[in-house]
Amino acid sequence: MANQKSDSRRAFLKNSLGALAAFTIVPRHVLGRGYLAPSDQLTKAVIGVGGMGRGHFGYAGTRVVAICDVDRNHLKRAMELLNTKGVKTFSDYREVITLPEVDIVHVATPPHWHGIIAADAARAGKDIWCEKPMTATIGEGKRLVEAVQQHGRIFRLNTWFRFSDNFYGMGTTVKPIKKLVDSGLLGWPLKVTVSRHTGFDWKFYWVGKTNLEPQPVPAELDYDMWLGPAPYRPYNPHRVHQTFRGYWDYDGGGLGDMGQHYLDPIQYFLGKDDTSPVSVEVDAPQQHPDAVGTWRRITYTYADGCQIILDGEAKDEKAAYIEGPKGKLYPGFRSDIPDLEKKLAAFPDPAPQQTDFVYAVKNRKKFALNEENGHRSCTLVNMGKIALRLNRSLKFDPVKQEFIGDEGANSLIFQPMRGPWTI
């Protein structure tokens with residue numbers, strides 16, 4: 001039965017994609033006054049219109065033409081917010097990704113859906129804007145990279161700190177941090193400590209409950225579709241919507257929620273966008289098989305000795321954010337290196353990045369945070385999740401992207417999916 005459903009899904013995509021072949025860009029003069037041609041304004045479909053999805057309706061240079069959600073109340077609130085005629089509504093993303101009028105698919109579902117929907121959108125010829133974490137597993141990330149590149153799509157992961165905005169408690173953008181690391185003034189290798197005292201709250205309130213009582217599924221929610229590839233478990237409101245982050249089936253607690261925001265810029269300024277750590281060590285209580293718990297410390301080590309420390313307890317109030325053999329950097333861009341900013345002025349700025357997604361799509365240019373480097377920073381999150389679930393330290397091969405000598409860890413690179421879902 002599962003194989004039949006998978007075949008049906010592939011046939012659905014194949015038949016729908018055939019219709020797309022006839023679609024061409026329509027010139028402005030054909031559309032008439034008051035209309036924008038697709039070459040002037042990109043159209044998008046938002047899949048998942050809870051709080052996160054609704055928050056991204058108004059991105060400059062785009063307009064929403066379709067929305068999708070498995071909760072009718074979400075669709076209703078989204079339509080009220082859009083207050084625009086002509087927006088199509090759907091409950092099944094597979095119908096959305098084949099719409100010829102859609103240029104971009106914005107994936108704003110819970111993470112256990114990210115990989116499947118984004119990969120299917122790529123196969124349907126759509127460019128993709130995906131919320132973090134990029135995928136719920138390492139294996140899904142590898143498959144998504146393949147799909148995006150095989151079909152020549154433009155992909156953006158929606159965490160922006162490597163190129164804009166103040167980087168949480170550091171009191172600066174990432175650009176001067178990257179410049180400092182590249183300058184060599186701190187020395188090498190470097191240790192980066194991510195904790196409340198260096199400006200990064202791990203949000204340990206995103207934990208699951210182990211005593212959930214089954215409850216009736218609300219009439220407005222298609223719970224089976226909400227679960228999708230995840231294992232079937234009886235409905236309880238704490239499993240869905242805002243609090244889904246507390247369950248391994250869908251996310252990874254505070255690490256899943258905030259990890260890629262915090263860790264992607266570190267991969268960037270350490271120059272690790274094309275690799276991964278060779279080990280991950282954990283210090284944590286035994287995790288529940290369903291409900292995410294807290295942890296004390298997670299340590300990633302790269303082949304060259306650089307380390308990233310995720311400090312959940314934040315005992316060291318005077319910890320440096322970055323520490324090297326020649327100096328330290330603290331929140332607020334404070335350092336123990338005398339006249340740091342004066343010394344830093346003599347070094348070149350980091351290379352420019354392509355940070356305009358509309359431009360990237362129209363000109364087929366790779367976005368600054370794309371499927372490749374996004375997958376690598378998401379792998380940090382997923383390595384940590386696997387080590388926590390197994391409660392043991394692990395060795396990792398960054399080329400093969402698999403764990404060394406640990407069948408249990410490798411079994412979690414791809415988690416089994418409920419039929420008919422595949423990636």
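**Helix α10, its partners and local backbone features**

Helix α10 bends by about 55° at G259. The model is predicted, and all values below were computed from it. Helix α10 covers residues 253–270, 18 residues in total. From first C-alpha to last, α10 reaches 25 Å, close to the 26 Å expected at 1.5 Å a residue. Burial of α10 is complete: 18 of its 18 residues are buried, so the helix is largely enclosed by the rest of the structure. Just after α10 comes G271, with a positive phi of about 75°.

Two helices that pack against α10 were examined. One is α13, residues 371–390. The axes of α10 and α13 come within 9 Å and cross at roughly 130°. That angle makes α10 oblique to α13. The crossing of the two is right-handed. On the α10 side, the contact residues are L255, G256, G259, Q260, L263, D264 and Q267. G259, the site of the bend, is thus listed among the residues that meet α13. The α13 side contributes N373, G374, R376, S377, C378, L380, V381, G384, K385 and L388. The spacing of such contacts can be read against helix geometry. An α-helix has 3.6 residues a turn, so residues three or four places apart point the same way.

The other partner is α8, residues 174–183. Helices α8 and α10 pack at an angle of about 35°, and their axes are 9 Å apart. This crossing, too, is right-handed. From α8, the residues in contact are V174, I177, K178, V181 and D182. They meet P265, Y268 and F269 of α10.

Helix α7 (138–150) was examined next. This helix has 13 residues. It reaches 19 Å between its first and last C-alpha, close to the 18 Å expected at 1.5 Å a residue. Its buried residues are I138, G139, E140, G141, L144, V145, A147 and V148. The cover over these residues includes helices α6 (111–123) and α13. It also includes strands β5, β6 (155–157), β14 and β15 (402–403). Helix α13 therefore recurs here: it is part of the cover of α7, and α10 is enclosed by the rest of the structure, with α13 in contact with it. G152 follows α7 and has a positive phi, near 65°.

Several backbone features depart from the common pattern. Most residues other than glycine have a negative phi, and most peptide bonds are trans. A cis peptide bond joins K132 and P133, with omega about -15°. P133 sits in the loop between β5 (127–130) and α7. A cis bond also runs from G419 to P420, where omega is near 10°. P420 belongs to the segment after α14 (407–410).

Positive phi values also occur in two asparagines. N83 is not a glycine, yet its phi is positive, about 50°. It lies in the loop between α4 (72–82) and β3 (88–90). The relative accessibility of N83 is 68%, so this residue counts as exposed. For N391, phi is near 55°, again positive in a residue other than glycine. N391 is placed in the loop between α13 and β14 (394–397). Its relative accessibility is 28%, so N391 counts as partly exposed.

Technical notes. Residues are numbered from 1 along each chain as its sequence is written. This is a predicted model: local features need pLDDT of at least 70, side-chain atom pairs count only at pLDDT 80 or more; totals for chains, interfaces and linings use all residues. Side-chain values use heavy atoms; hydrogens and water are left out. Helices (H or I, at least four residues) and strands (E, at least two) are DSSP runs, numbered from the N terminus. The expected span of a helix is 1.5 Å times one less than its number of residues. The bend at a residue is the angle between axes fitted to the seven residues ending there and the seven starting there. Buried means under 20% relative accessible area, exposed over 50%, partly exposed in between (1.4 Å probe, protein chains only). Axes are lines fitted to C-alpha atoms, for helices over the stretch in contact, and angles run from 0 to 180 degrees between N-to-C directions. Angles under 35 degrees count as roughly parallel, over 145 as roughly antiparallel, 65 to 115 as roughly perpendicular and the rest as oblique. A crossing is left-handed if the near helix is turned anticlockwise from the far one by less than a right angle, and right-handed if clockwise. Contact means heavy atoms within 4.5 Å.
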